[in-house]
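Here are my notes on this one, written as numbered points. Have the coordinates open while you read; I go from the loops to the interior and back out.

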Amino acid sequence: MSAPAPTIRRATPEDAAGVAAVLNGAILGGSPTLLDTPFSVEEERAYIEGLPARGFILVAETPDAGIVGFQVVVPWSEFATTAHDHVATMGTYVDAARRRLGVGTALARRSFAAALDLGYDKIFTDLRADNLASLAYHLSLGFTVVGSARGQARVGDRDVDVLFIERFLRKG
Ligand SMILES: CC(C)(COP(=O)(O)OP(=O)(O)OC[C@H]1O[C@@H](n2cnc3c(N)ncnc32)[C@H](O)[C@@H]1OP(=O)(O)O)[C@@H](O)C(=O)NCCC(=O)NCCS
């Protein structure tokens, strides 16, 4: 029997432990993410509580496993300009046991709609060039690679290239 489809909903501070568990599972499990330092539940709670007005986290949860993935969408830049107000950035983490089951896609579908409602026109984000799962995931969502930076991520004693990707929200 296949696993039940996850419910997608907005995260609250009460979800800090579940979100941190998924995030830390990816970090400690060796996923080649730009986030490389585990977060405590308290740090995650503070992050959720401090999300900006145009920022949100969506969680995917199932009755049997609780939170199995999440996606954060926040303004790409809150620097002292309004020029980037239409640009959000995004990060996605799915529990290793639940990958390739459409959880990330379900989160993105909801995030894109919510981002449009918040007045964003596009998502711009970055990922390690050696994160092939993430690249495939984002390409499957309609992102395109718009640039790269050499040696942008320092991973232990080696420097890894980073890709910059974007997706316009109204394209479909
Ligand atoms: C990247 C990630 C979020 C994808 O989530 P997911 O729930 O597994 O994604 P989906 O099941 O919705 O996959 C959608 C499509 O993306 C592509 N894709 C996703 N993971 C892939 C992989 N490991 N290899 C090849 N293609 C992949 C496929 O086209 C897939 O469709 P298919 O399964 O029908 O072939 C997940 O692998 C993850 O959490 N990785 C660790 C954390 C991380 O690296 N996050 C990104 C930080 S930039």
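1. Let's begin at a turn. Pro-63 sits in the loop between β2 and β3. With a relative accessible area of 77%, Pro-63 is exposed, since anything over 50% falls in that class. Keep in mind throughout that this is a predicted model.

2. Next, another loop residue, Arg-100. You'll find Arg-100 in the loop between β4 and α3, and at 85% relative accessible area Arg-100 is exposed. The backbone is worth a look here: Arg-100 has a positive phi of about 65° although it is not a glycine. From Pro-63 to Arg-100 the C-alpha separation is 19 Å, with their positions 37 residues apart along the chain.

3. A third loop, between β3 and β4, holds Glu-78. Glu-78 is exposed as well, at a relative accessible area of 62%. Its C-alpha is 25 Å from that of Gly-151, and the two are 73 residues apart along the chain.

4. Now inward. Which residues have the most contacts inside the largest nonpolar core? They are Met-90, Phe-112, Ile-123, Leu-141 and Phe-143, in a core of 25 residues. At least two core residues come from each of β2 (56–62), β3 (66–75), β4 (87–94), α3 (103–117), β5 (122–128), α4 (132–140) and β7 (158–168). The largest share, six residues, is from α3. There is also a second, separate core of 16 residues, with Ala-11, Ile-48, Ile-67 and Tyr-93 among them. As background, nonpolar side chains tend to be buried together in soluble globular proteins.

5. Met-90 is a handy place to centre your view. Beyond the residues up to four places away in sequence, Met-90 touches Gln-71, Val-72, Val-73, Phe-112, Ile-123, Thr-125, His-138, Leu-141 and Phe-143. Phe-112, Ile-123, Leu-141 and Phe-143 on that contact list also appear among the residues with the most contacts inside the largest core.

6. Gln-71 deserves its own point. This residue belongs to strand β3, and with 0% relative accessibility Gln-71 is buried, the cut-off being under 20%. Setting aside neighbours within four places in sequence, Gln-71 contacts Phe-56, Ile-57, Leu-58, Met-90, Gly-91, Thr-92, Gly-104, Leu-107, Ala-108, Ser-111 and Tyr-137. Val-94 is 23 residues away from Gln-71 in sequence, and their C-alpha atoms are 8.7 Å apart.

7. Ile-8 is in strand β1 (residues 7–10) and is buried, at 11% relative accessible area. Its contacts, again without residues up to four places away, are Leu-58, Val-59, Ala-60, Ala-106, Leu-107 and Arg-110. Take Leu-58: although 50 residues separate it from Ile-8 along the chain, the C-alpha atoms are 6.5 Å apart. Leu-58 and Leu-107 are contacts of Ile-8 and of Gln-71.

8. On to α4. Which of its residues are buried? Ser-134, Leu-135, Tyr-137 and His-138 are. They lie on the same side of α4 because they span an arc of only 165° around the axis. The general rule is that an α-helix has 3.6 residues a turn, so residues three or four places apart point the same way. Packed against the buried residues of α4 are β3, β4, α3, β5, β6 (144–155) and β7. On the face turned away from that buried side are the exposed residues Leu-132, Ala-133 and Ser-140. Just after the helix, Gly-142 adopts a positive phi of about 100°.

9. Finally, the largest pocket, with about 1,100 Å³ of space. Its lining counts 39 residues, and those nearest the centre are Gly-91, Thr-92, Tyr-93, Ser-134 and His-138. Two or more lining residues come from each of α1 (16–28), α2 (41–49), β3, β4, α3, β5 and α4. The largest share, seven residues, is from α4. By class, 20 lining residues are nonpolar, 13 polar and six charged. Ser-134 and His-138 tie this back to the previous point: they are buried residues of α4 and are among those nearest the pocket centre.

Conventions:
Residues numbered from 1 in each chain as written. Predicted model: local features only at pLDDT ≥ 70, side-chain atom pairs only at ≥ 80, totals over all residues. Heavy atoms only, no water. Core = buried A, V, L, I, M, F, W, Y, C linked by side-chain atoms within 4.5 Å. Buried < 20%, exposed > 50% of the residue type's maximum accessible area, 1.4 Å probe, protein only. Helix = DSSP H or I, 4+ residues; strand = E, 2+ residues; numbered from the N terminus. Contact = heavy atoms within 4.5 Å. 1 Å grid on protein atoms, 1.4 Å probe; cavity = no way out; pocket = protein on both sides within 12 Å on 5 of 7 lines; lining within 4 Å. Points joined across faces, edges and corners; volume = space filled by probe spheres on them. Nonpolar A, V, L, I, M, F, W, Y, C, P; charged D, E, K, R; others polar. Arc of directions from axis to C-beta.
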